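Here is a short tour of one protein chain. Look at the sequence and the fold before reading on.

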Amino acid sequence: MEDIKPYTIIFSTATLDGKIASSTGYSTLSCIYDFTRLYYLRGVVDAVMVGANTILKDNPTLRKRLKPVSKQYYRIIIDGRLRIKPSLRIFTEKSSSKIIVITAVNDRLRIMKFLEKVPTNLVDVHIVGHDGVIDLRKALSLLWSKYGIKSILVEGGGYLNYKLIENRLVDEIRVTITPYVFGAGIGFIRDPSNRGFTTIKDGPTLDLVCFEKCPCGKCIHLVYKVIKSDETTLPVNIPSCISDKLIEMSKYSKTYIY
């Protein structure tokens, strides 16, 4: 059971042409119901995960969740080169949710200095990899074995999404398609080398399990399960289609807290 990893869900909101941000960095795409969907999913998983670029650009706290909430909740940052700053809101704004930083910088002094500037009772740092490159499979295995994390919601960015998919670590992809087109910018699944998967056989095999119109009337939400041959993930009981619940739940999402 040592190779068991958490059930991993990618959640993203994108334009019709698959962008999560424009060429200038503009990324305001979600309606109130899409925020509600995000907060609901945060509530039912054990942890939320983001990459360093997302933390540095959007400066989220990753705090807001809607009931029912899981008994445990961790906020995970994937930062191979430890670029994040102690001044970010996720460290400065009050929360009881533990923060786990996964890095690949084997510099104990640098890590110690970083920990001196953040709430050390709430922040753990783990070195999983080397030379700035994180071993994501080992990282997910660590999250399962050390923290008992059984489900993770990945909120981007595009590069983290791609690396998780490339390493066959994703179990489900949820994406809200909005009625906008950027024509350029950052894709919600992005390989910086621009190579990506060269054929459909190279990429993941997906099974469409839900497609539903958002209550706003302008967006479509899609849920795909990744078809796998391995048994390294245990299934979780998270409903695929939830749009019928969003109108009622949105009453509790009037304030956008990232």
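What follows is a report on the cores, open spaces, backbone and selected residues of this chain. The model is predicted.

## Cores

Start inside. The largest nonpolar core holds 32 residues. Met-49, Ile-76, Ile-102, Leu-143, Ile-149, Ile-152 and Leu-164 have the most contacts within this core. Helix α5, residues 136-147, supplies the largest share of the core, with six residues. A separate core of 20 residues lies apart from the largest one. Ile-32, Phe-35, Leu-38 and Leu-153 are among its members.

Take Leu-143 as a way into the largest core. Setting aside residues up to four places away in sequence, Leu-143 touches Pro-6, Met-49, Ile-76, Ile-100, Gly-148, Ile-149 and Ile-152.

## The largest pocket

Now turn to open space. The largest pocket encloses about 1300 Å³. Its lining counts 46 residues. Which of them are the closest to its centre? They are Thr-54, Glu-155, Gly-156, Gly-157 and Gly-158.

Several elements give two or more residues to this lining. The strands are β1 (7-14), β2 (19-21), β3 (47-51) and β8 (133-134). The helices are α1 (32-44), α2 (52-58), α5 and α6 (158-166). By class, the pocket lining has 19 nonpolar, 15 polar and 12 charged residues.

## The cavity

There is also enclosed space. One cavity of 30 Å³ or more is counted. The largest cavity has a volume of about 40 Å³. Ile-165, Arg-168, Leu-169, Val-170, Pro-204 and Val-226 line this cavity. Five of the lining residues are nonpolar, none is polar and one is charged.

## Backbone features

One peptide bond calls for a look. The bond from Gly-156 to Gly-157 is cis, with omega near 5°. Gly-157 sits in the loop between β9 (151-154) and α6. Both glycines also belong to the group closest to the centre of the largest pocket.

Some residues other than glycine take a positive phi. The table lists them with their places.

| Residue | Phi | Place |
|---|---|---|
| Leu-62 | near 60° | loop between α2 and β4 (74-78) |
| Leu-82 | near 50° | loop between β4 and α3 (89-92) |
| Arg-168 | about 55° | just after α6 |

Why does Leu-62 count as buried? Its relative accessible area is 1%, and buried means under 20%. Leu-82 is buried too, because its relative accessibility is 6%.

Arg-168 follows helix α6. The buried residues of this helix are Gly-158, Leu-160, Asn-161, Tyr-162, Leu-164 and Ile-165. Of these, Gly-158 is one of the residues closest to the centre of the largest pocket. Leu-164 is among the residues with the most contacts in the largest core. Ile-165 helps to line the largest cavity.

## Three buried residues

Thr-15 comes from the loop between β1 and β2. Is Thr-15 buried or exposed? Thr-15 counts as buried, because its relative accessibility is 0%. Its side chain makes a polar contact of 2.4 Å with the side chain of Asp-17. Beyond its neighbours within four places in sequence, Thr-15 is in contact with Leu-29, Ile-177, Thr-178, Tyr-180, Val-181 and Phe-182.

Gly-203 lies in another loop, between β11 (186-187) and β12 (205-213). Gly-203 has a relative accessible area of 9%, so it is buried. Leaving out neighbours within four places in sequence, Gly-203 contacts Arg-168 and Phe-197. How many residues apart in sequence are Gly-203 and Ile-165? They are 38 residues apart. In space, their C-alpha atoms are 8.0 Å apart.

His-221 belongs to a strand, β13, residues 220-227. With a relative accessible area of 0%, His-221 is buried. A polar contact of 2.8 Å links its side chain to that of Thr-176. Apart from neighbours within four places in sequence, His-221 is in contact with Phe-11, Arg-37, Arg-174, Val-175, Thr-176, Cys-210, Phe-211 and Glu-212.

Note on methods: Residues are numbered from 1 along each chain as its sequence is written. This is a predicted model: local features need pLDDT of at least 70, side-chain atom pairs count only at pLDDT 80 or more; totals for chains, interfaces and linings use all residues. Side-chain values use heavy atoms; hydrogens and water are left out. A nonpolar core is a set of buried Ala, Val, Leu, Ile, Met, Phe, Trp, Tyr and Cys residues joined through side-chain atoms within 4.5 Å. Buried means under 20% relative accessible area, exposed over 50%, partly exposed in between (1.4 Å probe, protein chains only). Helices (H or I, at least four residues) and strands (E, at least two) are DSSP runs, numbered from the N terminus. Contact means heavy atoms within 4.5 Å. On a 1 Å grid over the protein atoms alone, a cavity is a set of points where a 1.4 Å probe fits but cannot get out, and a pocket is an open set with protein on both sides within 12 Å along at least five of seven lines; lining residues have an atom within 4 Å of a point. Grid points are joined across faces, edges and corners, and a volume is the space filled by probe spheres set on the points. Ala, Val, Leu, Ile, Met, Phe, Trp, Tyr, Cys and Pro count as nonpolar, Asp, Glu, Lys and Arg as charged, and the others, Gly among them, as polar. A polar contact is a pair of N or O atoms within 3.5 Å; within protein, one must be able to donate a hydrogen and the other to accept it, and residues adjacent in sequence count only if both atoms are side-chain atoms.
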